[in-house]
Amino acid sequence: MRTFKVGILGAGVISRTYLADIKAFYKELDVVACADVNVEAAKKLATEFQVPKFYSTEDLLKDEEIEIVINLTPPQFHVSLNKEIIKAGKNVFSEKPFATNISEAKEVLDLAADQGVKVGCAPDTFLSSGLQSLRYYLDGGIIGKPFFVTANMTTFGVETWHPNPLPFYKKGSGPLYDMAGYYLSAIVSILGPIESIAAFDATGVENRHIYVGPKAGEDIIPEIPTHYTSILRLKSGVVVNFNISFDIYKSNLPMFEIYGDGGTLTYPDPNFGGGTPRVYRKEQYTDVIYRDDVEALERKEKFYDLPELFPRVKDYSRGLGVLDLANAIETKTSNRANGELILHITEAIEGIIKSSESGEFYKMMTTCERPRPMKVGGFLDEV
Ligand SMILES: NC(=O)c1ccc[n+]([C@@H]2O[C@H](COP(=O)([O-])OP(=O)(O)OC[C@H]3O[C@@H](n4cnc5c(N)ncnc54)[C@H](O)[C@@H]3O)[C@@H](O)[C@H]2O)c1
C-alpha cells in the first residue's frame, strides 16, 4: 500500500493519541500537517510530534499535498468542518459523533458522493483485535445462536480528567453522543443492524462540579439527560439491553456480554482496541460429572480466555479506521466505518432520544450490512 499524506485538524487531547499511534503503527499514513483554529495549539502539537507543517484550517484546506484530513475538533464543529474538508476535495475521517441527526449526516455523505471523496468516522474500535476476535468466535458458533446482549457504559462523566468538560453537557452531547457509538458499532458490526428501540432517560446528578483544568471549581448544569436505559431489537431477533451513563461512580455490570443457546461470550470494553474475549460454554454447565469431580466443578465456575487473532497494537488506540479509509481509497472499495454504518449509528442514537422523549418504540428507517471482517492475522484484507 502506498503512503498517504494526512493532515490533523484539531490539536487537543485525542490528537496526541492519533499522532502517537499513527507514527508507531501505521507507516502508510504520513501526518505532514497539524491545523487548529488556535494556530499556537497546532504549532505545539506539530513540535511535540515532529510534524513538518502547522497552520490554520483555511491553510490546511488549501494544501494540495493533503489527501486525508482527520477531524478531531469538538462535536459541534464536525458537520460544518467535514463539509468544508469535502468541498476542498479531500477525504475525511471524522471523530464521533458524525452528526446529531440523520438528515445532517446525509447532507455530508451526499456531498462526499458528489465530490467523489471518501468518508470514515470513529468509532473504529470495532476493527480492533479484541472485537474482531470476538466476532470471529461468535460467527464460528462458539456460543451457538445468540439471543441476548447486555452492554453497559457506566462512568461518572469527564470532569475529573478532561480539561474542557463543559461541551460534554450541552445539547447534542452527553453520554449518548459521546460514548454510545462505541457500543452500537460493536453491536451492529458483530450482530447486524437494529430494527427497533425502546428507551428511557434519567438524570442521576443535577449539579456537577469541574475538578481539573482552567475551569476547576466551577459547576456544570447539564442541558441533557445524563443516563439512558434502552432495549434494542436487532433484525436478527437478538435483544440488547444497553445502559449508558455519566452518573455512575462504580458498577459491577459487565461492559459487553453476548448470550447464546450454547454459552456466553464476555468482552472487557468496546471503547478499547485491545481486550481478550472470554467464553463460558454450555458443556461446562451441563457436564454433571462436576458433582463428583473437582476439576469439572472448577470448570463450571469460570470463563476461559480466547486467544486474540489479530495484531493488538495497544489497549487504547486510535487510527486503524484511517488506515482502513486509505486502503479503501487505494483499492477503490468501501471502508468499513463507512457512510451506511455512520447513518445507522446516527439514527440509533437519535432513536434512543426520540423513544425516551415520546414513550414510544422507535422503528429504525436505515439499515446496513455488517462491515466485512478483518483478515485473521493482519490489519486489513490487503495489508
Ligand atoms: N478526549 C478523548 O479522550 C476523546 C476520545 C475519543 C474521541 N474524542 C473525540 O475527539 C474530538 C475532540 O476531542 P478532544 O477531547 O481532543 O477535544 P479538545 O477540546 O481537547 O480539542 C479540540 C481542539 O479543536 C480545536 N478547535 C475547536 N474548534 C475548532 C474549529 N472550529 N476549527 C478548528 N479547530 C477547532 C480546539 O482549539 C482544540 O485544540 C471530539 O469529537 C471527541 O468526541 C475524544
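Which domains does the shell around the ligand draw at least three residues from? In this predicted model, domain 1 (4–121) and domain 2 (126–305) each contribute at least three residues to that shell.

The ligand is surrounded by 23 residues. Ile14, Asp36, His78, Lys96 and His162 are the closest. Sorted by class, the shell holds 13 nonpolar residues, six polar residues and four charged residues. Helices take part in the shell as well. Helix H1 (13–25), helix H4 (78–87) and helix H7 (174–191) each provide at least two of its residues. The ligand occupies the space of the largest pocket.

Polar contacts with the ligand involve both backbone and side-chain atoms of the protein. A polar backbone atom of Val13 lies 3.0 Å from an oxygen atom of the ligand. For Ile14, a polar backbone atom is 2.9 Å from a ligand oxygen atom. Asp36 uses its side chain: a polar atom there is 2.6 Å from an oxygen atom of the ligand. On its own, the ligand would expose 830 Å². The protein buries 85% of this area.

Backbone geometry is considered next. Most peptide bonds are trans, and most residues other than glycine have a negative phi. Two cis peptide bonds and a positive phi are described here. Lys96, one of the residues closest to the ligand, is joined to Pro97 by a cis peptide bond. Omega is about -10° at this bond. Pro97 belongs to the loop between strand S5 (91–94) and helix H5 (102–115).

Another cis peptide bond runs from Ala122 to Pro123. Its omega is near 0°. Pro123 sits in the loop that links strand S6 (119–121) and helix H6 (129–139).

Gln50 is not a glycine, yet its phi is positive, at about 50°. This residue is placed in the loop between helix H2 (39–48) and strand S3 (53–55). Loops thus hold Pro97, Pro123 and Gln50.

Methods: Residues numbered from 1 in each chain as written. Predicted model: local features only at pLDDT ≥ 70, side-chain atom pairs only at ≥ 80, totals over all residues. Heavy atoms only, no water. Near = heavy atom within 4 Å. Polar contact = N/O pair within 3.5 Å; in protein donor to acceptor, adjacent residues only side chain to side chain. Areas by Shrake-Rupley, 256 points an atom, 1.4 Å probe, with all protein chains shown as cover. 1 Å grid on protein atoms, 1.4 Å probe; cavity = no way out; pocket = protein on both sides within 12 Å on 5 of 7 lines; lining within 4 Å. Sits in = over half its atoms within 2 Å of the grid points. Helix = DSSP H or I, 4+ residues; strand = E, 2+ residues; numbered from the N terminus. Nonpolar A, V, L, I, M, F, W, Y, C, P; charged D, E, K, R; others polar. Domains from an automatic or database assignment.
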